[in-house]
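Here is a short note for a colleague who is new to this structure. Please read the points with the structure open.

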Amino acid sequence: MEMEMDMMENLPSTISPLLLRSMASSVFIYADKLFFNLAEKFKPFEIIRYVLITSFLFFLRLLSFLFLSDLPPKSQSHVYTFNPPKSNGRYLIGSGVSDSGIARALSQVLSIVNDIPVSSRKYAIVRSLAEGLIEENRREDAEGLREVNRAVLSSAFSRTLSYLEAAMVELGQDRIGHDGAGPAPVQYWVKRALRVVRSVGDGVWAREGSGGVREDVNRSGNSAEKLAAELLWLAQKLVDCGFGEEAVERWASASNLASLSLLAEPRLQGSLVKVSTFLFKQARDMEMALDETEEFYEESRRQTKMKMLTSWLPLLCRASNGTDMPVLSINEKAELEKVLEETIELLDHEEQEQVLSLWLHHFAYCSSSDWPNLHALYCRWCTNSRKLLLLH
């Protein structure tokens, strides 16, 4: 009730910025369409359009900051202060893991691991703290704490996937903007300048709002390679806790990330190959552990395997696997080829055709790599296909 009274008292100051933002957005959309059409005919208007976009984004950021600054301290505390739910100190599975203090603590620690850069001296401390909390929950061997590890680690894995995809989109835009051949176009340098200004602005905003406000936009520690390494770490933790299927299903569904990986830098591709290798092996182990009591889940796992193969097999074919800095050892490559063969052979005949056709396309057109070599499996499939034709 008290919070509602505060919001009513500040209603005029709330509506004004929102109304101003709505009006400015309408004007911006109209102006952007105009300059976009002109930029197709006259190149100088393209620069004006980028300046217009920059100014508009800065205006929105400044408007939001001024709006938050105008709120009285009491209102700000209602907006940003976290109040844990009252309980008797026991964890109830039915109420959800978010009602547990240990779940909130582990979630916060894993979020900080995402946020801070590896170069920070606090990174190793925070990551060690996360590992300690996860291991202590696992050692207790209690269903409630198992559920805490499952839910929090799964959420952290999904969040890291989203951060990595966003980072790779940004890297892809830079590569498209400037491929290193010849002078960089105007858009490339404008984007670089905007990123510097945005980083400085985020730092100032974070210092101004240091009274308990967590800035979600400023994630300078989120380099793509760092996030890929953290994905592997989180996947390993999920497997250690007995929830490897959580990581496998999310990795199999990350088709957008898989497409972006084909245009990534070799070092980043190598990191993603390591994640894929680990989870392909985990998916195979899950299949081997399937017993008669779990036949209900067989169709779901088959679909997961299919999505995982069609999403990540192209990366395995096209990723840099040179002799200078090999991502996998010879034995690891041979083991993964065996895992892939076993996984594909468990699919239906038509699904095998789809996967092997995809493999052949990327394997044949990538001149820098001859791995994974599924030639023997492809020949076996052709033999079986020929037999099926003769039978019918």
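1. Start with K237. In this predicted model, K237 is buried but has no salt bridge. The nearest side chain of opposite charge belongs to E131, 4.1 Å away. A salt bridge requires the side-chain nitrogen within 4 Å of a carboxyl oxygen, so the K237 and E131 pair does not count as one. K237 sits in helix α9. Which residues touch K237, once its neighbours within four places in sequence are set aside? They are E131, I134 and L153.

2. Stay with helix α9, which spans residues 224-240. Its axis comes within 10 Å of the axis of helix α5, residues 101-115. The two axes cross at roughly 150°. Angles over 145 degrees count as roughly antiparallel, and α5 and α9 are therefore roughly antiparallel to each other.

3. Look next at the residues behind that packing. From α5 come L110, V113, N114 and D115. From α9 come K226, L227, E230, W233 and L234. Sorted by type, the residues of this contact are five nonpolar, one polar and three charged.

4. Now the charged pairs. Side chains of opposite charge can pair when their charged atoms come close. How many salt bridges does the structure hold? The count is 15. Three of them are taken up in the next points.

5. R139 and E135 form one salt bridge, with their closest N and O atoms 3.8 Å apart. Both residues lie in helix α6. They are four residues apart, about one turn of the helix. R139 counts as exposed because its relative accessibility is 56%. E135, at 28%, counts as partly exposed.

6. E246 and R250 form another, at 2.6 Å from N to O. The pair belongs to helix α10, residues 244-252. The two residues are four apart in that helix, so about one helical turn separates them. Is E246 buried or exposed? E246 is buried, with a relative accessible area of 12%. R250 is partly exposed, with 25%.

7. R380 and E345 pair across a longer stretch of sequence. Their closest N and O atoms are 3.0 Å apart. R380 lies in helix α16 and E345 in helix α14, residues 330-345, so this salt bridge ties together parts that are 35 residues apart in sequence. Both ends are partly exposed: R380 has a relative accessibility of 34%, and E345 has 40%. Elsewhere, salt bridges with shared partners join E147, R150, E246 and R250 into one network.

8. Two backbone details deserve a look. The first is D141, which has a positive phi of about 55° although it is not a glycine. D141 is found in the loop between α6 (123-140) and α7 (143-177). Its relative accessibility is 64%, so D141 counts as exposed.

9. The second is a cis peptide bond. Which residues does it join? It links W371 and P372, with omega at about -5°. P372 lies in the loop between α15 (349-365) and α16 (375-391). Helix α16 is also the home of R380, from the salt bridge with E345.

Key
Residues are numbered from 1 along each chain as its sequence is written. This is a predicted model: local features need pLDDT of at least 70, side-chain atom pairs count only at pLDDT 80 or more; totals for chains, interfaces and linings use all residues. Side-chain values use heavy atoms; hydrogens and water are left out. Axes are lines fitted to C-alpha atoms, for helices over the stretch in contact, and angles run from 0 to 180 degrees between N-to-C directions. Angles under 35 degrees count as roughly parallel, over 145 as roughly antiparallel, 65 to 115 as roughly perpendicular and the rest as oblique. Contact means heavy atoms within 4.5 Å. Ala, Val, Leu, Ile, Met, Phe, Trp, Tyr, Cys and Pro count as nonpolar, Asp, Glu, Lys and Arg as charged, and the others, Gly among them, as polar. Buried means under 20% relative accessible area, exposed over 50%, partly exposed in between (1.4 Å probe, protein chains only). Lys and Arg count as positive and Asp and Glu as negative; His and the chain ends are not counted.
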